[in-house]
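Q: I am new to this structure and would like a close look at one part of it, the packing of helices. Please also place that part in the rest of the chain.

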Amino acid sequence: MKNKFNKSNQSSNPNLRIPGPVPIPEEILEIVGGQMINHRGPKYAKMLDRMTENLKSVFFTKNDAYFITASGTGAMESAIANTIEKNDNVLSIIIGVFGDRFAEIAESYGANVTRLEFDLGTAADLEKVKSSIKSIKNLRAVIFTHNESSTGVTNKLKDICEIIHNESDALILVDAVSSAGGIPIYVDKWGIDVVATASQKSWAAPPGISMLTVSKKAWKRSKKISTPKYYFDFQQYEDYLQMGQPPFTPALSVMYALDFSLKKIISEGMDEVFKRHSDIADYTRKKTIEFKLEILPNLDVASNTVTAIKLPENIDGVKFLSEVKNKFNVILGGGQKTLTGKIFRIGHMGWVDKKNIYEALNASNEIIKKMSL
Ligand SMILES: Cc1ncc(COP(=O)(O)O)c(C=O)c1O
């Protein structure tokens, strides 16, 4: 009965190409349907231990790692709540909607945020990052998005970290929501203090679990500050981890899926995982160009998990998205904020094959042609 439902459901499923939540493979969907267990029992403890170790391996780190039942924004807020105090000087590097969100979170905690903004579709300029860092006294933290899903741009994470280390003693807090598990992040080698990500992206699990790594330096800071927090307090997650438990009832079904995904990613090997994402991204970019569509960013900073494509000026972006859905059963990501109606986005993170991408691009091309008549 269950299989029958799954199959008929699958055949009518649209080609979901938004940059997360991503479609989930059938075998993971079945795992999500697993029976509940006692989250304070031995089975959960074993799973949590395994997942924590696997998460550390994905990030090439010996830092602590935690799972928090929340969306990616929850992980970003945790990063701030545990390391930033009112009036702390924070540099926020912004290349799109999610960088802006990170700045807003820091501001809502009373930080004194300097916003270093770049044109949409570009990555952070390293010289400007360097001079901004130099110009801020007592810089407490630099916060930024690794992979800006709203513009399809990947910041040069390694280079930015290197500059921060050379020029300051600031903490490095990274929103890796749409990059982790798809694009390389070497937490220890690059000296990243907090990395935040979420289950619905390259991990191919449902939304609901966020993940973080926390360095010793971030811990030291968190012990010094008195920023009010409760649910997002790292100390709670650490204390309970020692007992093999979560502090609060976790999204168990998502944890099951994530456990499976993490095991799969580890057994595939991180280099292979990164190659899988860069191959499908190359294919997406190549086909986009073949269809004579224009990619928003320069290719040297174009993301390996999401491609942002310009819509011709005469096209009504809202109508375009609904036509692609209605005529081809493909769901694309639209532009956000000031890019609304100007671009569309194709997600290619997680388990995606060329057929899905071709179908999405072909559908986009056909509708653009029709609407241009
Ligand atoms: C780069 C980036 N940061 C943060 C978020 C926010 O994550 P969530 O919607 O899970 O809170 C997203 C979601 O798309 C994202 O792509």
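A: The answer below starts with the basis of the model, goes on to the helix pairs, and ends with the domains and some single residues.

The model is predicted, and local features are reported where pLDDT is at least 70, side-chain atom pairs count only at pLDDT 80 or more, and totals for chains, interfaces and linings use all residues. Residue numbers start from 1 along each chain as its sequence is written.

Helices (DSSP runs of H or I, at least four residues) and strands (DSSP runs of E, at least two) are numbered from the N terminus. Two packed helices are described by the angle between their axes and the distance between the axes. Here the axes are lines fitted to C-alpha atoms, for helices over the stretch in contact, and the angles run from 0 to 180 degrees between N-to-C directions.

The main pair is helix H3 (residues 42–58) and helix H11 (residues 252–268), whose axes lie 9 Å apart at an angle of about 45°. H3 and H11 are therefore oblique to each other. Angles under 35 degrees count as roughly parallel, over 145 as roughly antiparallel, 65 to 115 as roughly perpendicular, and the rest as oblique. H3 and H11 cross in the left-handed sense. Left-handed applies if the near helix is turned anticlockwise from the far one by less than a right angle, and right-handed if clockwise.

On the H3 side the contact holds Met47, Arg50, Met51, Asn54, Leu55, Ser57 and Val58, and on the H11 side it holds Met255, Leu258, Asp259, Leu262, Lys263, Ile265 and Ile266. By class, the contact of H3 with H11 has nine nonpolar, two polar and three charged residues. Residues are in contact if their C-beta atoms, placed from the backbone, lie within 7 Å. Nonpolar covers Ala, Val, Leu, Ile, Met, Phe, Trp, Tyr, Cys and Pro, charged covers Asp, Glu, Lys and Arg, and the others, Gly among them, count as polar.

Another pair is helix H4 (residues 72–83) and helix H5 (residues 97–108), packed at about 45° with axes 10 Å apart. H4 and H5 are therefore oblique to each other, and their crossing is right-handed. H4 contributes Thr73, Met76, Glu77 and Ile80 to the contact, and H5 contributes Arg101, Phe102, Ile105 and Ala106. The contact of H4 with H5 divides into five nonpolar, one polar and two charged residues.

Helix H13 (residues 317–328) and helix H14 (residues 354–372) pack at an angle of about 120°, their axes being 9 Å apart. This makes H13 oblique to H14. The crossing of H13 and H14 is right-handed. Phe320, Glu323, Val324, Lys327 and Phe328 of H13 touch Ala363, Ser364, Ile367 and Met371 of H14. Six nonpolar, one polar and two charged residues form the contact of H13 with H14.

For the wider setting, the domain assignment gives domain 1 (2–24 + 269–372) and domain 2 (26–267). Such bounds come from an automatic or database domain assignment. The C-alpha centres of domain 1 and domain 2 are 26 Å apart. Their contact takes 29 residues from domain 1 and 31 residues from domain 2. On the side of domain 1 that touches domain 2, helix H1 (2–12), helix H12 (270–290) and strand S12 (306–310) each supply at least two residues. H12 gives the largest share of that side, four residues. By class, that side of domain 1 has 16 nonpolar, 11 polar and two charged residues.

Some single residues outside the helices complete the picture. Most residues other than glycine have a negative phi, and most peptide bonds are trans. The peptide bond from Gly20 to Pro21 is cis, with omega near 0°, and Pro21 sits in the loop between strand S1 (15–17) and helix H2 (26–32). Asn138, not a glycine, has a positive phi of about 50° and lies in the loop between helix H6 (126–135) and strand S5 (139–145). Asn138 counts as exposed because it has 11 C-beta neighbours inside 10 Å. A residue is buried if 20 or more other C-beta atoms lie within 10 Å of its own, exposed if 12 or fewer, and partly exposed in between, with C-beta atoms placed from the backbone.

Ser179, in the loop between strand S8 (171–175) and helix H8 (187–190), counts as buried, with 29 C-beta neighbours inside 10 Å. Leaving aside neighbours within four places in sequence, Ser179 is in contact with His146, Asn147, Thr154, Ile185 and Thr305.

How values were computed
Contact = placed C-beta atoms within 7 Å.
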